[in-house]
Amino acid sequence: MDVISTADVSAGERMAYWREMSSKLCAPYELRCERELESEFRAQAGISDFGPVQAALMTSARHTVHRTPKLIRQSDPEVFKLACVERGGGGMTQDGRYTEFGVGDLILFDTSRPYEAEFQRDVPVSRLLLLRFPRSLLPLPTRDLRSLSGVRIPGSGGIGGLSAQFMLQLARHMDELSPSDAARLSTLTLDVLATALDTERTVPPHTRRRALMARIHAFIQDNLGDTRLTPDAIAAAHHISLRYLHKLFQEEGHTVAGWVRERRFEQCRRDLADPRLAARPINAIAARWGFANAAHFSQAFRSAHGLSPRQFRERCATAAPGGDCAR
């Protein structure tokens, strides 16, 4: 992941620097900050490329963004931006529509048409995941996209909330992804976004199915520590039948319970291998990831890995730095 930041730029040059970086990352904008806040302006973005999708996890002080007709005439890369708000919020105007957005919400920006966006006035620092991708990669009719850009997709529940959960999982783990993970996630990200925006249900069934599985996986990952994470609970959260949930996992060669258990084991292995957690009791690590019964966890871990949790931790403690004992 590449990082750009105003940290090493003098106070008087920060806005100009951030304007230049924003233009290179996406498209030219007019960026403004209230004069009395210019000397305190700070911004940073961690950037990763997932095939044709560019993801930027941006933390920024309050400012306004204006994509003007003049700037569009000068440069139009024909890309969309999707913002998923992790902290703070703001408002956006495009095509005469004004929309406010907050934590968890998704909002689509069409950089080929003028818009203006501002960060929330009472929040000094906002944090957003910004996805940039060619307009041609979103498999929705042009008329639908025009009506959806600048419209808030609520993150409080339903498909919007589940899609936001997937996006925020992506933000949290961007710096851990291998090139093969990134390639796979570029397709999944666009599938999730297309189904979240598809009010007329024009997206092909296979795309919907892939997007649904991506949202289910993100939901499971977000709720691993909850002992109530059962197949029934997963199906109910995604408004599908238990039978259909089992079918989706069977098509991928897994069972629902097996997938959840392996994700929990994966997190336990990481914690057991982490020297910073060496003093944490094994039963506390197990409970953190949804194993309520310590004896059952120890037996299941030994069956899966051929070592008890304690033996696994000891092996990792003596392994060479950079080893793969946590895998």
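**A helix pair and an enclosed cavity**

In this predicted model, helix H9 (residues 256-273) packs against helix H12 (residues 309-318) at an angle of about 50°, and their axes sit 8 Å apart. That angle falls outside the roughly parallel, antiparallel and perpendicular ranges, so H9 counts as oblique to H12. As for handedness, H9 passes H12 in a right-handed crossing. On the H9 side, the residues that meet H12 are Arg269, Leu272 and Ala273; on the H12 side, Pro309, Phe312, Arg313 and Cys316 do the job. Sorted by type, the residues of this H9–H12 contact come out as five nonpolar and two charged, with no polar ones.

Then there's the empty space. The structure holds one cavity of 30 Å³ or more, and the volume of this largest cavity is about 370 Å³. A set of 24 residues lines the largest cavity, and Tyr29, Met58, Val65, Lys81 and Leu130 are the ones that lie nearest its centre. Helix H1 (14-25) gives two or more residues to the lining, as do strands E4 (53-61), E6 (79-87), E10 (115-119) and E11 (125-134). Of these, E11 gives the most, with four residues. As for the chemistry of the wall, the lining of the largest cavity divides into 18 nonpolar residues, three polar and three charged.

Methods. Residues are numbered from 1 along each chain as its sequence is written. This is a predicted model: local features need pLDDT of at least 70, side-chain atom pairs count only at pLDDT 80 or more; totals for chains, interfaces and linings use all residues. Side-chain values use heavy atoms; hydrogens and water are left out. Axes are lines fitted to C-alpha atoms, for helices over the stretch in contact, and angles run from 0 to 180 degrees between N-to-C directions. Angles under 35 degrees count as roughly parallel, over 145 as roughly antiparallel, 65 to 115 as roughly perpendicular and the rest as oblique. A crossing is left-handed if the near helix is turned anticlockwise from the far one by less than a right angle, and right-handed if clockwise. Contact means heavy atoms within 4.5 Å. Ala, Val, Leu, Ile, Met, Phe, Trp, Tyr, Cys and Pro count as nonpolar, Asp, Glu, Lys and Arg as charged, and the others, Gly among them, as polar. On a 1 Å grid over the protein atoms alone, a cavity is a set of points where a 1.4 Å probe fits but cannot get out, and a pocket is an open set with protein on both sides within 12 Å along at least five of seven lines; lining residues have an atom within 4 Å of a point. Grid points are joined across faces, edges and corners, and a volume is the space filled by probe spheres set on the points.
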